[in-house]
Amino acid sequence: MDQQAIIYALDLLGTVAFAASGALAGVRRGMDLLGIIVLGIVTATGGGVIRDVLLNDTPPFCFKNELYLYLAVAASIVVFLTPRSFERMNRAMLLLDALGLGTFLVIGTSKALQFNLGLMGAIIMGVMTATCGGLVRDLLSNEIPLILQREIYASACVVGGALFYFLHQTTLPSQVNLTVSALTVITIRCTAIMKGWQLPRGQAL
């Protein structure tokens, strides 16, 4: 299996993981089946859709390849039917979420560079791809967005996006860059989960 096939497989796995986390948020909020599916789809594809709209690459990726939507719907229905199983798999879900985070980050940053964006633009597009679905999920379920809390989440993506951009300027093969940058994000996120790392909080006035 070549590098692009591996990235695509991880992209699909990340889509399932993100959809499950969105659907689980809907279950916890007592939403009906439709609401849970909507939350699952938005979480799984929202970041990539916003990225593609901003880059004027339309229709967005999930309408060019509807497998992403089918997987998001299927994952949401499974969560709706067996929510307790997913609650018990909380640690595994966090690790799968980290895997999706790293994969979505490199896909978004790579696409931004294809559109000739600079450092800040590439980082922002990568971070948006990885986190905006979760941001919309939290807003729709009336939660404080995860990326606005002390969790090391979006900050891990910023590090990975910057690393991807600078490695892209070298002669390093793109496959190596994709792997190294994604693993950096995944490692930072997983370590933060296991060790309880958080960003410093602002002092109240």
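These are my notebook entries on a predicted model of one protein chain.

**Entry 1: the overall fold**

I started with the secondary structure, and I found nine helices and zero strands in the chain. Reading from the N terminus, I wrote the order down as α-α-α-α-α-α-α-α-α. Next I looked up how compact the chain is. Its radius of gyration is 16 Å, close to the 17 Å that the globule rule gives for 205 residues, so I noted the chain as being as compact as a globular protein of that length. I also looked up the box filled by the C-alpha atoms, which is roughly 50 × 50 × 30 Å along the principal axes.

**Entry 2: inside and outside**

How much of the chain is buried? I found that 46% of the 205 residues are buried. For the surface, I noted about 10400 Å² of exposed area, with carbon and sulfur atoms supplying 65% of it. I then turned to contacts between residues at least 6 apart in sequence, and 72% of these join residues at least 24 apart. Last in this entry came the charges: the chain has 13 positive and 11 negative ones, and their mean positions are 10 Å apart.

**Entry 3: what the record says**

I opened the UniProt entry, which is unreviewed, and found "transmembrane region" listed for residues 6-26, 33-55, 67-86, 93-113, 119-140 and 152-168. I checked two of these spans against the model. Residues 93-113 are 100% helix and 0% strand, and I noted 30 Å between their end C-alpha atoms. Residues 152-168 are 88% helix and 0% strand, with end C-alpha atoms 24 Å apart.

The unreviewed UniProt entry also places "domain: Glycine transporter" at residues 9-82 and 95-168. I looked up the span 9-82 in the model: 82% of it is helix and 0% is strand, and its end C-alpha atoms lie 24 Å apart.

**Entry 4: the loop between α2 and α3**

Here I went looking for backbone details. As background, I reminded myself that most residues other than glycine have a negative phi, and most peptide bonds are trans.

Which residues does a cis peptide bond join? I found it between Thr-58 and Pro-59, with omega at about -5°. Pro-59 sits in the loop between α2 (33-54) and α3 (61-64).

Asn-56 is found in the loop between α2 and α3. Its phi is near 60°, which is a positive value in a residue other than glycine. Is Asn-56 buried or exposed? I noted it as exposed because its relative accessibility is 62%, and the cut-off for exposed is over 50%.

**Entry 5: the loop between α6 and α7**

I moved along the chain to Asn-116, whose place is in the loop between α6 (90-114) and α7. For Asn-116 I wrote down a phi near 65°, a positive value in a residue other than glycine. With a relative accessibility of 68%, Asn-116 counts as exposed.

**Entry 6: Met-120**

My last stop was helix α7 (residues 119-140), where I looked up Met-120. Its relative accessible area is 56%, so I put Met-120 down as exposed. How far apart are the C-alpha atoms of Met-120 and Ala-162? I noted a separation of 8.4 Å, for two residues that are 42 residues apart along the chain.

Notes: Residues numbered from 1 in each chain as written. Predicted model: local features only at pLDDT ≥ 70, side-chain atom pairs only at ≥ 80, totals over all residues. Heavy atoms only, no water. Helix = DSSP H or I, 4+ residues; strand = E, 2+ residues; numbered from the N terminus. Rg over C-alpha atoms; globule rule 2.2 N^0.38 Å. Buried < 20%, exposed > 50% of the residue type's maximum accessible area, 1.4 Å probe, protein only. Contact = heavy atoms within 4.5 Å. Areas by Shrake-Rupley, 256 points an atom, 1.4 Å probe, with all protein chains shown as cover. Lys, Arg positive; Asp, Glu negative; His and termini not counted. Charge placed at Lys NZ, Arg CZ, Asp CG, Glu CD. UniProt positions renumbered as here; feature names shortened; annotations may be inferred.
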